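Work through the following exercises with the sequence and the 3D structure at hand. Each task is followed by a solution in steps.

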Amino acid sequence: MSKISRFTGQVVTLAKSAVGGRGESAAPQGGGGFAGYAVVSLHCLRIYLEKPYREALDLLSEMPQILAKISLDAADLPDHSTLVKAFDRIKMAVWRVLLRLSAQLHEPSGHAAMDATFFDRENASKHYCRRTNYRVQTLKTTALVDTESQAVLDVHCTTEKRHDTQLGWQLVRRNAGELHSFSADKGYDWQQLRDKLRENGVRPLIKHREFRPIDHAHNARIDGSLYGQRALSETVFSVIKRTLGHTVRARPWYREFREIVLMCTVYNIKYAVS
């Protein structure tokens with residue numbers, strides 16, 4: 001069985017768990033729409049193939065065995081504009097559930113690391129930029145990564161200049177019940193963040209900025225082996241950009257956020273079935 005076949009089979013299973021639709025016809029019948037799991041599966045394959053909407057659908061039309069796993073035929077494939085509109089209709093909560101389910105394909109270790117990177121936003125025309133106030137050309141993405149399995153547990157995106165410490169707590173808070181330790185670089189140095197982590201039973205491994213002798217003492221007590229694993233979050237970003245792309249093609253902000261979450265989901269599934 002090929003990698004894309006195994007990937008598609010796993011995507012369909014997770015999509016049905018995230019949006020329901022078990023037993024539902026994938027293709028429209030009687031004037032209805034495509035099943036939610038079919039739309040989600042097509043979008044995951046679009047990211048996996050690293051192609052725009054039109055090219056991805058053209059390629060899939062030549063892959064009957066892959067489409068059969070989604071219970072579709074080449075004649076059933078929607079127009080690219082239909083797929084774009086369907087992407088907007090699926091709520092962000094569904095994509096988050098899908099990300100969480102994909103992370104569960106990997107054995108969790110309870111030890112997580114966090115880091116941020118920037119994804120380029122696709123160049124837009126000057127007219128579009130003026131009309132939509134499209135000024136920021138990069139998307140700041142912060143990911144919480146399991147250090148052993150290197151699965152993406154959670155992700156946050158913003159075009160604003162929010163401080164890393166605030167973003168860090170927002171992500172860890174949603175996952176605190178599953179974590180034993182949390183490591184990050186000095187950009188996340190905030191005593192309140194450490195206190196909040198300890199209150200939730202998570203051991204903070206965040207080095208202090210060294211202004212006083214006591215800061216050196218605190219840093220010396222940090223478990224070096226666990227703290228060193230924080231670099232794995234950078235490795236994950238590197239793999240995602242190298243294999244799935246470093247640019248988000250969507251123009252509206254809400255689509256860009258969903259596309260990043262979808263890229264992380266595809267990354268998790270891709271390396272779980274490889």
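**Exercise 1.** Determine whether Cys157 is buried or exposed, and what keeps the sulfur of Cys157 from a bond.

Solution. The model is predicted. Step one: the relative accessible area of Cys157 is 3%, so Cys157 is buried. Step two: the closest cysteine sulfur belongs to Cys264 and lies 7.3 Å from that of Cys157. A disulfide requires sulfur atoms within 2.5 Å, so 7.3 Å is too far for a bond.

**Exercise 2.** Find how many disulfides the model has, and state the situation of Cys44.

Solution. With the cut-off of 2.5 Å between sulfur atoms, the count is 0 disulfides. Cys44 is in no disulfide, since its nearest cysteine sulfur, in Cys264, is 12 Å away. Cys44 is also buried, at a relative accessible area of 0%.

**Exercise 3.** Sort residues of helix 3 into buried and exposed, and say which helices the buried ones pack against.

Solution. Helix 3 spans residues 53–61, and its buried residues are Tyr53, Ala56, Leu57 and Leu60. They lie on the same side of helix 3 because they cover an arc of only 95° around the axis. Arg54 and Asp58, on the other side, are exposed. The buried residues pack against helix 2 (36–49), helix 4 (64–69) and helix 5 (80–89).

**Exercise 4.** Describe how helix 1 and helix 13 cross.

Solution. The axes of helix 1 (residues 3–19) and helix 13 (residues 253–273) come within 9 Å, crossing at roughly 125°. That angle makes helix 1 oblique to helix 13. The crossing is right-handed. At the contact, Arg6, Phe7, Gln10, Val11 and Leu14 of helix 1 meet Val266, Ile269, Lys270 and Val273 of helix 13.

How values were computed
Residues numbered from 1 in each chain as written. Predicted model: local features only at pLDDT ≥ 70, side-chain atom pairs only at ≥ 80, totals over all residues. Heavy atoms only, no water. Buried < 20%, exposed > 50% of the residue type's maximum accessible area, 1.4 Å probe, protein only. Helix = DSSP H or I, 4+ residues; strand = E, 2+ residues; numbered from the N terminus. Arc of directions from axis to C-beta. Contact = heavy atoms within 4.5 Å. Axes fitted to C-alpha atoms, helices over the stretch in contact; angles between N-to-C directions. Parallel < 35°, antiparallel > 145°, perpendicular 65-115°, else oblique. Left-handed = near helix turned anticlockwise from the far one by under 90°.
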